[in-house]
Amino acid sequence: MSINQIQDEIIEEFSAFDDWMDRYSLLIELGNDLEPFPEADKTDTNLIDGCQSKVWFTAETQTTAEGKVVIYHGDSDAILVKGIVALLIRVLSGHTAKEIVDANLYFIEQINLKEHLSPTRSNGLASMLQQMRLYALTFLVNKN
């Protein structure tokens with residue numbers, strides 16, 4: 001599935017709820033379903049600067065039938081932010097570095113996510129996206 005197809009799927013899932021409390025519940029549920037993040041990876045090196053909560057991301061490349069793709073892993077000590085981490089991983093993980101770098105992440109505006117986050121959480125979201133793109137750009141430049 002392409003990045004845009006995944007974004008469209010997320011927009012559809014969130015549009016099923018009119019109330020933002022229900023959307024927050026969906027985010028929390030997504031965070032609870034996130035793959036466990038190794039305690040050994042919860043280091044300052046993997047910590048995202050600019051987040052109110054603690055957020056960790058790692059990335060690796062994996063060779064698949066489609067070629068080399070970037071696989072992200074992440075976690076947060078805040079339940080709502082963990083859901084945002086899960087959303088970002090769902091959209092970007094499993095795609096090539098070029099696809100990630102070139103992606104237009106329109107789902108964030110479409111589901112009004114930024115408008116329903118505090119300014120510090122919104123800054124954290126931007127920091128997470130920046131780090132994910134930086135990982136992809138590094139893999140793209142190094143051809144990893």
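# Briefing on a predicted model

His-95 is buried, with a relative accessible area of 6%. That residue belongs to a predicted model, and it sits in the loop between helix H3 (79-92) and helix H4 (97-102). The points below cover the nonpolar core, a group of linked salt bridges, several single residues and a nonpolar patch on the surface.

**Nonpolar core**

- The largest nonpolar core has 45 residues.
- Phe-57, Tyr-72, Leu-105, Phe-107 and Met-128 are the residues with the most contacts inside this core.
- At least two residues of the core come from each of H1, helix H2 (20-32), strand E1 (55-64), strand E2 (67-76), H3, H4, H5 and H6.
- H3 gives the most to the core, with 10 residues.
- Not counting residues up to four places away in sequence, Tyr-72 touches Thr-58, Ala-59, Ile-89, Leu-92, Ser-93, Ile-100, Met-132, Arg-133, Tyr-135 and Ala-136.

**Salt bridges**

- The structure holds 6 salt bridges.
- One of them joins the side chains of Glu-39 and Lys-42, at 3.1 Å from N to O.
- Glu-39 counts as exposed, at 60% relative accessibility, whereas Lys-42 is partly exposed, with a relative accessible area of 27%.
- Lys-42 also forms a salt bridge with Asp-75, and the closest N and O atoms of this pair are 3.1 Å apart.
- Because Lys-42 lies in the loop between H2 and E1 and Asp-75 lies in strand E2, the pair ties together parts that are 33 residues apart in sequence.
- Asp-75 has a relative accessible area of 6%, so Asp-75 is buried.
- A salt bridge also links Asp-75 to Lys-82, with the closest N and O atoms 3.4 Å apart.
- Lys-82 is partly exposed, with a relative accessible area of 24%.
- Glu-39, Lys-42, Asp-75 and Lys-82 are joined into one network by salt bridges that share partners.

**His-95 and its contacts**

- Leaving aside neighbours within four places in sequence, His-95 is in contact with Met-1, Ser-2, Ile-3, Ile-6, Val-69, Val-70 and Ile-100.
- The loop that holds His-95 runs between helix H3 and helix H4.

**Gln-7 in helix H1**

- Gln-7 has its place in helix H1 (residues 3-15).
- The relative accessible area of Gln-7 is 0%, so this residue is buried.
- The side chains of Gln-7 and Asn-4 are joined by a polar contact of 3.0 Å.
- Gln-7 touches Val-91, Asn-104, Leu-105, Tyr-106 and Phe-107, not counting residues up to four places away in sequence.
- Among these partners of Gln-7 are Leu-105 and Phe-107, and both names also appear in the list of core residues with the most contacts.

**Arg-90 in helix H3**

- Arg-90 lies in helix H3 and is partly exposed, with a relative accessible area of 24%.
- Leaving aside neighbours within four places in sequence, Arg-90 is in contact with Ile-6, Glu-9, Ile-10, Glu-13 and Leu-30.
- Arg-90 and Gln-5 are 85 residues apart along the chain, and their C-alpha atoms are separated by 11 Å.

**Asn-112 and its backbone**

- Asn-112 is found in the loop between helix H5 (107-110) and helix H6 (119-142).
- The phi angle of Asn-112 is near 60°, which is a positive value in a residue other than glycine.
- Asn-112 is partly exposed, with a relative accessible area of 29%.

**Nonpolar surface patch**

- Leu-134, Leu-137 and Val-141 form a nonpolar patch on the surface.
- Together these three residues have about 270 Å² of accessible area.
- Leu-137 lies in helix H6 and is partly exposed, with a relative accessible area of 39%.

Technical notes: Residues are numbered from 1 along each chain as its sequence is written. This is a predicted model: local features need pLDDT of at least 70, side-chain atom pairs count only at pLDDT 80 or more; totals for chains, interfaces and linings use all residues. Side-chain values use heavy atoms; hydrogens and water are left out. Helices (H or I, at least four residues) and strands (E, at least two) are DSSP runs, numbered from the N terminus. Buried means under 20% relative accessible area, exposed over 50%, partly exposed in between (1.4 Å probe, protein chains only). Patches are made of residues with over 30% relative accessible area and no salt bridge: like charges are joined within 9 Å, nonpolar side chains (Val, Leu, Ile, Met, Phe, Trp, Tyr) within 5 Å. Accessible areas come from the Shrake-Rupley method with a 1.4 Å probe; for residues, only the protein chains shown count as cover. A salt bridge is a side-chain nitrogen of Lys or Arg within 4 Å of a carboxyl oxygen of Asp or Glu. Contact means heavy atoms within 4.5 Å. A polar contact is a pair of N or O atoms within 3.5 Å; within protein, one must be able to donate a hydrogen and the other to accept it, and residues adjacent in sequence count only if both atoms are side-chain atoms. A nonpolar core is a set of buried Ala, Val, Leu, Ile, Met, Phe, Trp, Tyr and Cys residues joined through side-chain atoms within 4.5 Å.
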